[in-house]
Amino acid sequence: MKPKTIYLLLCVVGTILPYSQFVPWLLEHGLNLRLFVDELLFNRISTFFALDVIVSAVVLIGFMRVENSRNNVRRRWLPILAVLTVGVSLAFPLFLYLRELELEHGTLANQ
C-alpha cells in the first residue's frame, strides 16, 4: 500500500475516532465551553492527555510552517483548519498526504 493511501486512511480514522466521542457529548451538552474545559481537566490523567495533545498541536503547526517554507505544499491551510476543528489525529496525516501528493507530482524542491 502506498504511503499516500495510508495517510488518507489515517485521516479518516483520525476524524472518526475523536468525533465518535465528541459528537455525542456535544448533542448532550451543547456548546458548553465551561463544562468542556471542566471535563477536559477533570483529573491529572485527563489533564496529562489534554496537555500532550495541545503541545503536539503546537509542535505540528511549527513543523508544518518549517516544512512549507522549504517546500511549497499546496493547500497548506487545510491541516491548520484540521488541527483547529478535529485535532492532531487528522491534521498530521492530512499534511503528510498533501506532501505525498506534491512528491508524486514532482513539485517539491527536495527531490
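Let me start with K4 and E104, whose side chains meet in a salt bridge, 3.2 Å from N to O. A salt bridge here is a side-chain nitrogen of Lys or Arg within 4 Å of a carboxyl oxygen of Asp or Glu. This pair links distant parts of the chain: K4 sits in helix 1, residues 3-29, and E104 in helix 5, residues 88-104, with the two positions 100 residues apart. Helices in this talk are DSSP runs of H or I with at least four residues, strands are runs of E with at least two, and both are numbered from the N terminus. E104 counts as partly exposed, because its relative accessibility is 40%. Buried means under 20% relative accessible area, exposed means over 50%, and partly exposed is in between, with a 1.4 Å probe and protein chains only.

A word on the source: this is a predicted model, where local features need pLDDT of at least 70 and side-chain atom pairs count only at pLDDT 80 or more, while totals for chains, interfaces and linings use all residues. Residues are numbered from 1 along each chain as its sequence is written, and side-chain values use heavy atoms, with hydrogens and water left out.

How many salt bridges does a search of the whole structure find? The search finds four. Another of them joins R74 and E102, at 2.8 Å from N to O. R74 lies in the loop between helix 3 and helix 4, the latter being residues 77-85, and E102 lies in helix 5, so this salt bridge ties together parts that are 28 residues apart in sequence. The two partners: E102 is buried, at a relative accessible area of 2%, and R74 is partly exposed, at 43%.

R70 pairs with E67, and their closest N and O atoms are 4.0 Å apart. Both residues belong to helix 3, residues 44-70, and are three residues apart, about one turn of the helix. R70 is exposed, with a relative accessible area of 52%, whereas E67 is buried, at 7%.

Staying in the loop between helix 3 and helix 4, we also find R75 there. What is unusual to note in its backbone is the sign of an angle. Most residues other than glycine have a negative phi. Phi of R75 is positive, near 55°. R75 counts as partly exposed, at 41% relative accessibility.

Now the overall layout. The chain has five helices and zero strands, and its elements run α-α-α-α-α from the N terminus on. The C-alpha trace spans about 50 × 25 × 20 Å along its principal axes. Of the 111 residues of the chain, 24% count as buried.

Two pairs show how sequence and space relate. L94, in helix 5, is 82 residues from V12 in sequence and 9.5 Å from V12 in space, C-alpha to C-alpha. H105 and V23 are also 82 residues apart in sequence, but 37 Å apart in space, C-alpha to C-alpha. L94 is buried, at 15% relative accessibility. H105, in the segment after helix 5, is exposed, at 54%.

Next, the largest pocket, with a volume of about 850 Å³. Which residues are closest to its centre? Of the 24 that line this pocket, they are F22, F36, L40, V53 and V86. A pocket is found on a 1 Å grid over the protein atoms alone, as an open set of points where a 1.4 Å probe fits, with protein on both sides within 12 Å along at least five of seven lines; lining residues have an atom within 4 Å of a point. Helix 1 gives the most to the lining, six residues. By class, the lining has 18 nonpolar, five polar and one charged residues. Nonpolar covers Ala, Val, Leu, Ile, Met, Phe, Trp, Tyr, Cys and Pro, charged covers Asp, Glu, Lys and Arg, and the others, Gly among them, are polar.

Last, the surface. L31, L33, F36, V37, L40 and L41 make a nonpolar patch of about 550 Å². Patch residues have over 30% relative accessible area and no salt bridge, with nonpolar side chains (Val, Leu, Ile, Met, Phe, Trp, Tyr) joined within 5 Å and like charges within 9 Å. One patch member, L41, lies in the loop between helix 2 and helix 3, and is partly exposed, at 42%.

Methods
Grid points are joined across faces, edges and corners, and a volume is the space filled by probe spheres set on the points. Accessible areas come from the Shrake-Rupley method with a 1.4 Å probe; for residues, only the protein chains shown count as cover.
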